[in-house]
Amino acid sequence: MVIISGPSGSGKGTVVKELDAAKGYSRSISVTTRTPRIGEAHGRDYFFTTPEIFTRMREENQLLEHALYVGNFYGTPRRYVEEQIQQGRIVVLEIEVQGALQVKEKFPEAVLVFLMPPTLGELSNRLNKRATEDAVTIDARLKRALEEVPLINAYDYLVINDKVEGAVAKIDAIVAAERLRPRRCTEELTHFTA
Ligand code: 5GP
């Protein structure tokens, strides 16, 4: 399981869709109580639902994780993820930090990737130098970036999304390397047991 989180504007959605389309990862589609935005489709972007149905799903343990984010509930349907993993597929979840930490606790084998827009990287450079930007803009970005810094430490990898193809290639390389960890190579190792 690969979890992708990151601040808005990091291009998470595009990267995750590309991991699905170009690399064959299975993208989990979340359930949410938020109203659809223009252009969003039920079953493609989200499963849009009511708070009542969401609550029932949660109570019936149908959700792998869930979170309240800016007044709306979001959750990952458990069944799809479990089915895909059983088939040996890589499942990619695009979720916020609280949910990502729940997944890591329940499934320590999950790989957590924090995606950053290059502008935040540039911003951190400006932390060290003297900023010459509009003070309000810098303050807002700085606040947001600083809030996220401690949370990034709970992640396994940090990927800067300067170009979608670059970020996708990096995440694919992370997954390839993670698959070579001896504890994940139990099948290969069975040939060498006495
Ligand atoms: P948006 O409303 O902009 O689509 O999403 C808001 C936030 O919720 C984003 O950070 C997105 O990654 C996160 N999110 C989407 N689906 C899920 C989910 O199933 N679980 C959790 N915990 N967060 C989600």
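The exercises below walk through a predicted model of a protein with a bound ligand.

**Exercise 1. Take stock of the protein.**
How many helices and strands does the protein have, and what share of its residues is buried?

*Solution.*
Step 1: Count the elements. The protein has eight helices and nine strands.
Step 2: Turn to burial. The protein has 194 residues, and 38% of them count as buried.
Step 3: Look at the surface. About 11700 Å² is exposed, with 54% of it supplied by carbon and sulfur atoms.
Step 4: Check how contacts span the sequence. Take contacts between residues at least 6 apart in sequence; 64% of these join residues at least 24 apart.

**Exercise 2. Describe the shell around the ligand.**
Which residues come nearest to the ligand, and which strands each supply at least two residues of its shell?

*Solution.*
Step 1: Find the shell. There are 15 residues around the ligand. Ser 30, Arg 34, Tyr 46, Tyr 74 and Glu 96 come nearest.
Step 2: Sort the shell by type. Six residues are charged, five are nonpolar and four are polar.
Step 3: Place the shell on the strands. β5 (63-69) supplies at least two of its residues, and so does β6 (72-77).

**Exercise 3. Find polar partners of the ligand.**
Which atom of the ligand, nitrogen or oxygen, lies 2.8 Å from an N or O atom in the side chain of Glu 65?

*Solution.*
Step 1: Start with Glu 65. A nitrogen atom of the ligand is 2.8 Å from a side-chain N or O atom of this residue.
Step 2: Go to Arg 37. Here an oxygen atom of the ligand sits 2.9 Å from an N or O atom of the side chain.
Step 3: Add Thr 76. An N or O atom in its side chain is 3.4 Å from an oxygen atom of the ligand.
Step 4: Ask how covered the ligand is. Alone, the ligand exposes 510 Å², and the protein buries 90% of that.

**Exercise 4. Map the nonpolar cores.**
Which element gives the most residues to the largest nonpolar core?

*Solution.*
Step 1: Define the core by its members. The largest nonpolar core has 17 residues. Val 2, Ile 4, Leu 19, Val 113 and Ile 171 have the most contacts inside it.
Step 2: List the elements. β1 (2-5), α1 (12-23), β8 (111-116) and α7 (164-179) give two or more residues each.
Step 3: Pick the top contributor. α7 gives the most, with five residues.
Step 4: Zoom in on Ile 171. Leaving out residues up to four places away in sequence, Ile 171 touches Val 2, Ile 4, Val 15, Leu 19, Tyr 25, Val 113 and Val 159.
Step 5: Look for another core. A second, separate one has 16 residues, including Val 91, Val 97, Ala 110 and Leu 112.

Definitions and conventions. Residues are numbered from 1 along each chain as its sequence is written. This is a predicted model: local features need pLDDT of at least 70, side-chain atom pairs count only at pLDDT 80 or more; totals for chains, interfaces and linings use all residues. Side-chain values use heavy atoms; hydrogens and water are left out. A residue is near a molecule or strand if one of its heavy atoms lies within 4 Å of it. A polar contact is a pair of N or O atoms within 3.5 Å; within protein, one must be able to donate a hydrogen and the other to accept it, and residues adjacent in sequence count only if both atoms are side-chain atoms. Accessible areas come from the Shrake-Rupley method with a 1.4 Å probe; for residues, only the protein chains shown count as cover. Helices (H or I, at least four residues) and strands (E, at least two) are DSSP runs, numbered from the N terminus. Ala, Val, Leu, Ile, Met, Phe, Trp, Tyr, Cys and Pro count as nonpolar, Asp, Glu, Lys and Arg as charged, and the others, Gly among them, as polar. A nonpolar core is a set of buried Ala, Val, Leu, Ile, Met, Phe, Trp, Tyr and Cys residues joined through side-chain atoms within 4.5 Å. Buried means under 20% relative accessible area, exposed over 50%, partly exposed in between (1.4 Å probe, protein chains only). Contact means heavy atoms within 4.5 Å.
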